[in-house]
Amino acid sequence: MTDFQDSMEKHLIKFKSDVQYLPPASKLYHDMSDNLFPPIKHGFLQYAYNSGMPLHNYVNHVRSSQIFCVNLFFHLIQYEKCVLLSVLSKQIGVALVELMHFKFEFSADKNVLGEWKSNDNCPEEYVTATDLYIKAKDNQNKYGY
């Protein structure tokens, strides 16, 4: 672990005990939902249930990339799409006007990351899923950003 990773982990454990008032004894939350940003907790849990979203094995870890992504984006996707589109537009230099689709834990149907032995051999497991996939439309009616 790098010095930065170590300092972030210590910060997250301190946050867990000092701000969330949860036992600081480990890097793991007792309940996965304790790792969720409180204003999104119930809405996200309903989304995960309805969509059948697979959760990482260590989703209750203070450094879970999956929960970091959910905490960062779920509220924006559900309630502030214009803010999200504005930020994404600035990042990619394209004026996005509509959020068409999103999916947490997205696995492409193409060998995007080069993990498959061949394009005809799509494995059912052990393939990296993207924490979040967003499909948006620009002001010229083009999709796929």
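## Briefing: helix α3, Gln66 and the two strands

Ile134 sits in strand β2. The model is a predicted one. The chain holds four helices and two strands, and their order along the sequence is α-α-α-α-β-β. Helix α3 and its buried residue Gln66 take up much of this briefing. Selected positions in α4, β1 and β2 follow.

**Whole chain**

- The chain has 145 residues, and 27% of them count as buried.
- Take the contacts between residues at least 6 apart in sequence: 60% of these join residues at least 24 apart.

**Helix α3: length and bend**

- Helix α3 covers residues 65-79.
- With 15 residues at 1.5 Å a residue, α3 should span 21 Å. The C-alpha atoms at its ends are 22 Å apart, so the expected and modelled spans agree.
- There is a bend in α3 of about 40°, located at Phe73.

**Helix α3: buried residues and their cover**

- Gln66, Ile67, Cys69, Val70, Phe74 and Ile77 are the buried residues of α3.
- In an α-helix there are 3.6 residues a turn, so residues three or four places apart point the same way.
- The cover over the buried residues of α3 includes two helices, α2 (41-51) and α4 (81-92).
- Both β1 (96-106) and β2 (130-138) are also included in that cover.

**Helix α3 against helix α4**

- The axes of α3 and α4 lie 6 Å apart, and the two helices pack at an angle of about 120°.
- From α3, the contact uses Phe73, Leu76, Ile77, Gln78 and Tyr79. From α4, the contact uses Lys81, Val83 and Leu84.
- Sorted by class, this contact between α3 and α4 has six nonpolar residues, one polar residue and one charged residue.
- Phe73 thus has two roles here: the bend of α3 is placed at Phe73, and Phe73 is one of the α3 residues in the contact with α4.
- Ile77 is among the buried residues of α3, and Ile77 also takes part in the contact with α4.

**Gln66: a buried polar side chain**

- Is Gln66 buried or exposed? Its relative accessibility is 1%, so Gln66 counts as buried, the cut-off being under 20%.
- Which backbone oxygen does the side chain of Gln66 reach? The partner is the backbone oxygen of Pro54, at 3.0 Å.
- A polar contact also links the side chain of Gln66 to the side chain of Glu105, at 3.3 Å.
- Beyond its neighbours within four places in sequence, Gln66 contacts Met53, Pro54, Leu55, His56 and Val59. Glu105 and Asp131 complete that contact list for Gln66.

**Strand β1: Glu105 and Glu98**

- Glu105 belongs to strand β1.
- The relative accessible area of Glu105 is 11%, so Glu105 is buried.
- Most residues other than glycine have a negative phi. Glu105 is not a glycine, yet its phi is positive, at about 60°.
- Glu98 is also placed in strand β1.
- Glu98 has a relative accessible area of 33% and is therefore partly exposed.
- Leaving out residues up to four places away in sequence, Glu98 touches Leu85, Lys135, Ala136 and Lys137.
- Glu98 and Asn139 are 41 residues apart along the chain, with 8.5 Å between their C-alpha atoms.

**Strand β2: Ile134 and Ala136**

- Ile134 has 16% relative accessibility, so Ile134 counts as buried.
- From Ile134 to Ile77 the C-alpha distance is 9.4 Å, across 57 residues of sequence. Ile77 is itself a buried residue of α3.
- Ala136 lies in strand β2.
- The relative accessible area of Ala136 is 1%, so Ala136 is buried.
- Ala136 and Phe102 are 8.7 Å apart, C-alpha to C-alpha, and 34 residues apart in sequence.
- Ala136 is one of the residues touched by Glu98.

**Helix α4: Ser86**

- Ser86 is part of helix α4.
- Ser86 has 33% relative accessibility, so Ser86 counts as partly exposed.
- The C-alpha atoms of Ser86 and Val97 are 8.4 Å apart, at a sequence separation of 11 residues.

Key
Residues are numbered from 1 along each chain as its sequence is written. This is a predicted model: local features need pLDDT of at least 70, side-chain atom pairs count only at pLDDT 80 or more; totals for chains, interfaces and linings use all residues. Side-chain values use heavy atoms; hydrogens and water are left out. Buried means under 20% relative accessible area, exposed over 50%, partly exposed in between (1.4 Å probe, protein chains only). A polar contact is a pair of N or O atoms within 3.5 Å; within protein, one must be able to donate a hydrogen and the other to accept it, and residues adjacent in sequence count only if both atoms are side-chain atoms. Contact means heavy atoms within 4.5 Å. The expected span of a helix is 1.5 Å times one less than its number of residues. The bend at a residue is the angle between axes fitted to the seven residues ending there and the seven starting there. Axes are lines fitted to C-alpha atoms, for helices over the stretch in contact, and angles run from 0 to 180 degrees between N-to-C directions. Ala, Val, Leu, Ile, Met, Phe, Trp, Tyr, Cys and Pro count as nonpolar, Asp, Glu, Lys and Arg as charged, and the others, Gly among them, as polar.
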